[in-house]
Amino acid sequence: MRSEPVVRVENLVMRYGAKTAVDGLDLVAGAGVTAVLGPNGAGKTTTVETCEGYRRAHSGTVRVLGLDPVREASALRPRVGVMLQSGGVYSGARADEMLRHVARLHAHPLDVDALIERLGLGSCGRTTYRRLSGGQQQRLALAMAVVGRPELVFLDEPTAGLDPQARRATWDLVRDLRADGVSVILTTHHMDEAEQLADDVAIIDAGRVVAQGPPEELCRGGAENTLRFSGRPGLDLASLLKALPADCTADELTPGAYRVGGKVDPQLLATVTTWCAQHGVMPERISVERHTLEDVFLELTGKELRG
Ligand SMILES: Nc1ncnc2c1ncn2[C@@H]1O[C@H](COP(=O)(O)OP(=O)(O)OP(=O)(O)O)[C@@H](O)[C@H]1O
């Protein structure tokens, strides 16, 4: 569902004093859900806050729905929803009042009661913001970002600290937004979240986008898969290697536990099982481990996502 970019960032540079937080970053996000991943300090928040119009680019170009997020902020405001990690909420106000207030600022808001129900906020409507739990504050911030039916919504770590049920509810809401044609820019530390929700993933490291593409493409393009099997210890791996394509590896990790590395496709699997048959080996527990976004991320950045 790619179309005209909803966000286009070209050669963005952002500095905090002598520190370059964003270093010539290029990012194009189309319709659908774009997940922005990166280790701590990679420059995600700075980039997203620049797109939201909270920061002025030191150099480079930022366009959101074709507009300049600082100079054309008033035209963008009704069209864009922003969920911040914290802040922006008067802590003495009641949760439902706040949501209704935000809804009234928009021409065609979502049904507030349905949204409250949906996000499991029914029991805390009359509670003031400061008395809500962290997870409830988080869900309220999400509700406030989407209640105005924006064309584009920025969600900054929307499920950080949520329990599994609230996390599911948030994912379902994001899926529904997408189905309604809302574009979503989602920063997250959760690979599974990106894999589940995103049409496109941008991996940021040290202030630059180091890879971007649909999750399945990024995973395919990353390091190759691994095939593991168990058999009797001490198999003749030199013989197995001869049967395999030239760029494959074969190791006995512990006695009887084998790993074949390389481009693991159905043909390779067949080659290994045929070799086993020819050598009287009954392979047990054969598994092909698909590379996950986490593997690709580690390979590209050398860092744990939460590192
Ligand atoms: N207000 C600030 N003053 C000085 N340095 C800052 C400021 N905000 C961010 N930085 C620095 O800029 C770099 C990028 O920070 P940013 O918050 O954009 O990263 P991030 O990818 O969002 O990280 P995280 O995943 O931890 O939220 C970091 O080195 C950070 O220390």
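**View 1. Pairing of strands β3 and β8.** In this predicted model, L37 has I203 of β8 as its bridge partner. V36 likewise has a residue of β8 opposite, namely A202. The two strands, β3 (residues 33–37) and β8 (residues 200–205), run in the parallel sense and are joined over four bridges. Strands of a sheet pair through backbone hydrogen bonds, in either a parallel or an antiparallel manner. Of the six residues of β8, five are buried, so the strand is largely enclosed by the rest of the structure.

**View 2. The β8–β9 hairpin.** Strands β8 and β9 run antiparallel and are joined by five bridges. Within this pairing, I204 stands opposite V209 of β9. Two residues lie between the strands of the hairpin, in which A206 has a positive phi near 45 degrees.

**View 3. The six-stranded sheet and helix α11.** The sheet is open, with mixed pairing and the strand order β5-β6-β7-β3-β8-β9. Its edge strands, β5 (80–83) and β9 (208–213), each pair on one side only. From one strand to the next, the twist averages 15 degrees. Helix α11 (residues 293–301) packs on this sheet and touches β3, β8 and β9. The direction of α11 makes about 30 degrees with that of β8.

**View 4. Surroundings of the ligand.** The residues around the ligand are Y16, K19, A21, G38, N40, G41, A42, G43, K44, T45 and T46. Two elements, β2 (19–29) and α1 (44–51), give two or more residues each to this shell. Helix α1 supplies the largest share, three residues. By residue class, the shell divides into six polar, three nonpolar and two charged residues.

**View 5. Helix α1.** How many of the eight residues of α1 are buried? Seven are, and the helix is mostly covered. The buried residues of α1 are K44, T45, T46, T47, V48, T50 and C51. After α1 comes G53, which has a positive phi near 90 degrees.

**View 6. The nonpolar cores.** In soluble globular proteins, nonpolar side chains tend to be buried together. The largest nonpolar core of this model has 65 residues. Those with the most contacts inside this core are A35, A143, A145, V153, V184, L186 and V201. Helix α5 gives the largest share of the core, seven residues. Leaving out residues up to four places away in sequence, V153 touches G81, A145, V146, L177, V182 and V184. Apart from the 65-residue core lies another core, of seven residues, including L227, F229, Y258 and V272.

**View 7. R131 in the loop between α4 and α5.** R131 is found in the loop between α4 (112–118) and α5 (134–146). Is R131 buried, exposed or partly exposed? R131 has 14 other C-beta atoms within 10 Å and is therefore partly exposed, since a residue needs 20 or more to be buried and 12 or fewer to be exposed. R131 and A95 are 36 residues apart in sequence, and their C-alpha atoms are 9.7 Å apart in space.

Key
Residues are numbered from 1 along each chain as its sequence is written. This is a predicted model: local features need pLDDT of at least 70, side-chain atom pairs count only at pLDDT 80 or more; totals for chains, interfaces and linings use all residues. A residue is near a molecule or strand if its C-beta atom, placed from the backbone, lies within 6 Å of it. Ala, Val, Leu, Ile, Met, Phe, Trp, Tyr, Cys and Pro count as nonpolar, Asp, Glu, Lys and Arg as charged, and the others, Gly among them, as polar. Two strands pair if DSSP finds at least two bridges between them. Axes are lines fitted to C-alpha atoms, for helices over the stretch in contact, and angles run from 0 to 180 degrees between N-to-C directions. Two residues are in contact if their C-beta atoms, placed from the backbone, lie within 7 Å. A nonpolar core is a set of buried Ala, Val, Leu, Ile, Met, Phe, Trp, Tyr and Cys residues joined through C-beta atoms within 7 Å.
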